[in-house]
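I opened the notebook to record some look-ups on helix packing and on a few single residues. The entries are in the order in which I made them.

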Amino acid sequence: MLGILVLRLRTERGGHYSMFPGKLLHGALFRCIAAYDPAFASELHARKTKPFTIGFFQRTGRSATAVLRAQELNEPHYAEGEKLLLRLTALDENVLAALLRIPLGTVLAAGQLSFLVEEILADGRENTGVIAEEELIAAALSAEDAQKIRVSFRSPTVFRVDKDDCAVPRPALIFASLADKWTWQELPFAVDKDIVRMVAAKLIPLDWRGAGVRIRQSERKTIPGFTGTFAFSIERLSAEEREIILLLAQFAPFCGVGRLTAQGFGETTVALG
């Protein structure tokens, strides 16, 4: 089972961050999982790839597709009592169970700030929900009328190319990343990364709205990233190629794109048109 959840939060102890809070949110989420199942949390901690993603705080009333700039990502300020949304995804049934069972009233301590969990959404509101892998595949195969894919990266996104970070939203990088994540999760229907890369190179860029950012991970370390919305036409693809791209596109909201998706990077939503 795959799941997209949103935590409705109330800022209990406000203040501001001096760097991107993804690592702090990662630690807060792990404490929730450990409280539910300490043995599973220990096993999960040892895994190289984590079967969950963490997004970035969304202020209530603000569009989820708004392009976030460097200052808002690196130095966000939240006032006491402010309402926020935090999007989480699970690619493992045990992780999904742990997240769904976070007790209401739990305080997520992330650095000097803390946030009270008021509600957990997984019922369709705020684009949440739980789906079986087979249902995801069936949905991709049934999207016969789709002519374009619009991919929105709400949190900073970056790829690893050889030994370097690359913050360029090229289709081949986006879909090769998704192919990796599909394979790592050992999901049904084998996906060949090399074929995916070649197919993605045929996508036609239509329009984009985004920004390049430098993300401050510590006082001494920054890494590049990008945010924004990018649309691609799939008209040039064969029927088989369309199936592969649509499958990975519909997987993207669950797994995120690029690296560090368990630390606030690569939060992704997709719309077909």
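The entries below cover helix contacts first and single residues afterwards.

**Entry 1: H5 and H8.** I note at the start that this is a predicted model. I looked up how helix H5, residues 133–141, meets helix H8, residues 239–255, and found that their axes come within 8 Å and cross at roughly 130°. That angle makes H5 oblique to H8, since the oblique class takes what lies outside the parallel, antiparallel and perpendicular ranges, the last of which runs from 65 to 115 degrees. I also recorded that the crossing of H5 and H8 is right-handed. On the H5 side I listed Leu136, Ile137, Ala139, Ala140 and Leu141 as making the contact, and on the H8 side Glu243, Leu246, Leu247, Gln250, Phe251 and Phe254. Sorted by character, the residues of this contact come out as nine nonpolar, one polar and one charged.

**Entry 2: the buried side of H5.** I then asked which residues of H5 are buried. They are Glu133, Leu136, Ile137 and Ala140, and they cover an arc of only 95° around the axis, which puts them on the same side of H5. As background I wrote down that an α-helix has 3.6 residues a turn, so residues three or four places apart point the same way. Looking for what covers these buried residues of H5, I found strand S1 (2–13), strand S9 (129–131), H6 and H8 included.

**Entry 3: H7 and its neighbours.** In helix H7, residues 193–200, I found Val196, Val199 and Ala200 to be buried. Seen down the axis of H7, these buried residues fall within an arc of 95°, so they line one face of the helix. I recorded helix H6 (171–184) and H8 as what the buried residues of H7 pack against. How do H7 and H8 pack, in angle and in distance between their axes? The angle is about 100° and the axes are 10 Å apart, and H7 and H8 are therefore roughly perpendicular to each other. Ile195, Val196, Val199 and Ala200 of H7 make this contact with Glu241, Ile244, Ile245 and Leu248 of H8. I counted seven nonpolar residues, no polar one and one charged in the contact of H7 with H8.

**Entry 4: Ala179 in H6.** I placed Ala179 in helix H6 and noted that it is buried, with a relative accessible area of 0%. Leaving out residues up to four places away in sequence, I found that Ala179 touches Val191, Lys193, Val196 and Leu248. Of these, Val196 is listed among the buried residues of H7, and Leu248 belongs to the H8 side of the contact with H7. I also looked up the pair Ala179 and Asp194, which are 15 residues apart along the chain, with their C-alpha atoms separated by 9.1 Å.

**Entry 5: the loop between H6 and H7.** Two residues of this loop drew a look-up, Glu186 and Phe189. Before reading their backbone angles I reminded myself that most residues other than glycine have a negative phi. Glu186 has a phi near 55°, a positive value, and Phe189 likewise has a positive phi, near 75°. Is Glu186 buried or exposed? At 72% relative accessibility, Glu186 counts as exposed, whereas Phe189 is partly exposed, with a relative accessible area of 42%. Not counting residues up to four places away in sequence, Phe189 touches Ile137, Trp182 and Leu247. Ile137 and Leu247 were already in my notes as residues of the contact between H5 and H8. The C-alpha atoms of Phe189 and Ile137 are separated by 8.4 Å, although the two residues are 52 places apart along the chain.

**Entry 6: Pro103.** My last look-up was Pro103, which lies in the loop between helix H4 (93–100) and strand S7 (107–110). At 53% relative accessibility, Pro103 counts as exposed, the cut-off for that class being over 50%. Pro103 and Cys32 are 71 residues apart in sequence and 9.0 Å apart in space, C-alpha to C-alpha.

How values were computed: Residues numbered from 1 in each chain as written. Predicted model: local features only at pLDDT ≥ 70, side-chain atom pairs only at ≥ 80, totals over all residues. Heavy atoms only, no water. Axes fitted to C-alpha atoms, helices over the stretch in contact; angles between N-to-C directions. Helix = DSSP H or I, 4+ residues; strand = E, 2+ residues; numbered from the N terminus. Parallel < 35°, antiparallel > 145°, perpendicular 65-115°, else oblique. Left-handed = near helix turned anticlockwise from the far one by under 90°. Contact = heavy atoms within 4.5 Å. Nonpolar A, V, L, I, M, F, W, Y, C, P; charged D, E, K, R; others polar. Buried < 20%, exposed > 50% of the residue type's maximum accessible area, 1.4 Å probe, protein only. Arc of directions from axis to C-beta.
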